[in-house]
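Biologist: I would like a close look at a single part of this model, taken slowly and with its surroundings. Please start with the strand pairing and work outwards from there.

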Amino acid sequence: MALMGAALVAWWMLPSVTMAPNRIVPGTAYAASEVAGWGAAILASLPLAVAAWLARDLDRQRLKALLALVVVGLVGLPLWLTAASVQLVDPNLPQARIGIGAGLWLTLFMLLLALVELRTRLVLPSPVTWGVALLPLVVFVLCLPLGLDGLALWQEYAGRRDDFVAAIGEHLLLVGATVAISLVVGAVIALLMRRYPRVQRLGFSLLNFLQTVPSLALFGLLLGPLAWLSDRYAWLDSLGVSGIGWAPALIALVAYSLLPMVRNTFVALEGVDPGVVESARGMGMSRLQSFLQVRLPLALPVLLEGVRITTVQAIGLTAVAALIGAGGLGRFIFQGLGQAAMDLVLLGALPILLMAVVADALLGNLANRLRKGEPT
Amino acid sequence: MIELIHISKRFGDTAAVDDISLKVESGEFCVVVGTSGCGKSTTLRMINRLIEHSDGEIHIDSQPIRSFREEQLRRRIGYAIQSTGLFPHWTVARNIGLVPRLLKWPKARIDARVEELLTLLGLSGSEFAGKYPSQLSGGQAQRVGVARALAANPDILLMDEPFGALDPITRETLQVELRQLQTRLGKTIVFVTHDMDEALRLADRLVVMQDGRIVQQGHPLTLLREPVNDFVASMLGGEDRGLKEAALLPVSERMSPLGVGGVARERIDQGASLREALSIMLWRRVECLAVVDDGDIPIGELSFRRLVGARGHE
């Protein structure tokens, strides 16, 4: 597999870690061979080389061996970081930190890609894949007391532990509210569209238009009207509605979420085999019964697909909402950008990434489960 | 008994069904044939009010169908369609138990009924009850469709090209089974198809429709022998009508007593059709067949002249 070759190249050519005495100074880059000496670097690249060699000619046995090597690689990465941290960070400089270099990132990326590939080839059950994918995270946490706390990412986190937890809470709350509201509103719109063809044309063009407005512009556009409203009606103000903050963020997020939600709900409901619905009616089911017992359950997998897309999209967009004071993990990203502290940006971005991946997998899984009885 | 009295159905300005009258007696197997778009499916769906008729009256057992609540009416009438309409997310057992559940039968009674119907349609309950429709073959799914239509023991069955999507062999098997089922259960059946062989095989009463009107109705043999116009004649097979008629007549109808000259070598069952007899003659290149009873005992003979119904003595 070319993947392993690429990982090897990345491992040797690009800096493995960076080291900086404090946050402001750009770090010095160290290649893998400089971190722990040539011997250790070659030893560390052995699994990759063996994997590349194995990949020339694949059978089931070799695929399993490859999987084992990928696991070794994934577990090895945090260990490597720990070693580098112990080696390079000067214990006398409390602000000193170690950054993850491009080589390490790429190696991680390639290993994960290899894992995805192996998963489809070996038809791994999803718990196994998840277990393997989460391994480095577990090892990472275990390594923290061993010296990995020199990692810049960890230092940023340690500096704002409470803030971080609060931000995750805000982020999840905003995403949850967005998905819940757009699900209800989207369902109502989709139902109206099914009944009145005119609503359908108008609705879709409006929602399509909304989708094309840049998110930042939409946040900006809402600023004026909401500020005016909260000024005028005291009860809105007391609720916390104002030109900035969660209110405009929520409105904008819902506006963006409506298109995928409505489209999927509509398509899901329309896509049910008309013969099935007709026979439901012909058998003597009432309208409500045939909707609740036949049309809705059959539409559910596609409908959930809409929820999945919406959720993933909302998780990403909520990051932008931090700009208008809605909080969430986006805050760290923008703070980091402002202070040119890349590790702070990562502190915001990585959990968002993780959240999106987990939400995607969970909802996708749920949808698959609901497709019972259908040919797969 | 189903009665359609001067029924019309208009969609906007076009009449899909135009002033038709039809009476289907209890226990009668009525097959409606016609080209696509002739209004036969519309007619069928008006009977269970999936489509409301515009003019006229439809009576079931002498009561106008509009005197019933829609759902109540439909639960009394079995309904089976081409795509089977089975719910893909329900098991076979749950599909079959649909109408009994709507009628709020107790659970034990529903279970017993499902089991009974699966057996009736030649499906083993233990094997099929828990399966989903996607796990069934076309023929099995269609059997389940029929079982579901029969579930609440309705007097009337409406079937809209139920065997249309099946391969010829499965289709023929199911036709034979349906015919036997009908004889056994005495249901009143209205069956829509465009397959003339299917229609002739099943019908007690054959109804030919064209452009929303009934062109001719009656016993299949009557229509074969005395079509009112060229359309009916061509619908019934044109020059093939001779063979189609032969397919409806049993050998026993034309056979003669055993001759003195010994028994012919090729045999045919007395219940077989004249068409089968003709086919054997053509295939074996013989002019006379021995007719045997169920025990394979010769009881008569059938000559080519007798088969074609030529008058006079041989």
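Modeller: In this predicted model, strand E3 of chain B, residues 29–34, runs parallel to strand E8 of chain B, residues 188–193, and five bridges join the two. Within that pairing, B:Phe29 of E3(B) has B:Ile189 of E8(B) standing opposite. E3(B) also pairs with strand E9 of chain B, again in the parallel sense and again over five bridges, and here B:Val33 has B:Val208 of E9(B) as its bridge partner.

These pairings belong to an open sheet of six strands in chain B, whose order is E6-E7-E8-E3-E9-E10 and whose pairing is mixed. At the edges lie strand E6 of chain B, residues 77–81, and strand E10 of chain B, residues 213–218, each of which pairs on one side only. From one strand to the next, the twist averages 15 degrees.

As for the surroundings of E3(B), the strand is mostly covered, with six of its six residues buried. The side chains are divided between two directions: B:Phe29, B:Val31 and B:Val33 point one way from the strand, whereas B:Cys30, B:Val32 and B:Gly34 point the other way, and all of them are buried. Helix H1 of chain B, residues 40–47, lies across E3(B) and also across strand E7 (156–160), E8 and strand E9 (205–210) of that chain, running at about 150 degrees to E8(B).

Stepping back to the chain as a whole, chain B is divided into domain 1, residues 2–245, and domain 2, residues 249–308. The centres of domain 1 of chain B and domain 2 of chain B, taken over C-alpha atoms, are separated by 35 Å.

A helix pair of chain B deserves a description too. Helix H12 of chain B, residues 241–248, packs with helix H13 of chain B, residues 274–284, at an angle of about 115 degrees, and their axes are 5 Å apart. That angle makes H12(B) roughly perpendicular to H13(B). The contact is made by B:Leu243, B:Ala246 and B:Ala247 from H12(B), and by B:Leu274, B:Arg275 and B:Leu278 from H13(B). Sorted by class, the contact of H12(B) with H13(B) has five nonpolar residues, no polar residues and one charged residue.

Beyond chain B there is the contact with the other chain, which takes 18 residues from chain A and 18 residues from chain B. On the side of chain A that touches chain B, the elements that give two or more residues are helix H12 (274–282) and helix H13 (287–321) of chain A. The largest share of that side, six residues, comes from H12(A). By class, the side of chain A that touches chain B has seven nonpolar, six polar and five charged residues.

Chain A itself contains 15 helices and three strands, and 39% of its 376 residues count as buried. Among the contacts in chain A with a separation of 6 or more, 72% are accounted for by residues 24 or more positions apart.

Conventions
Residues numbered from 1 in each chain as written. Chains lettered and ligands numbered in written order. Predicted model: local features only at pLDDT ≥ 70, side-chain atom pairs only at ≥ 80, totals over all residues. Domains from an automatic or database assignment. Pairing = 2+ DSSP bridges. Helix = DSSP H or I, 4+ residues; strand = E, 2+ residues; numbered from the N terminus. Axes fitted to C-alpha atoms, helices over the stretch in contact; angles between N-to-C directions. Contact = placed C-beta atoms within 7 Å. Buried ≥ 20, exposed ≤ 12 C-beta atoms within 10 Å, placed from the backbone. Parallel < 35°, antiparallel > 145°, perpendicular 65-115°, else oblique. Nonpolar A, V, L, I, M, F, W, Y, C, P; charged D, E, K, R; others polar.
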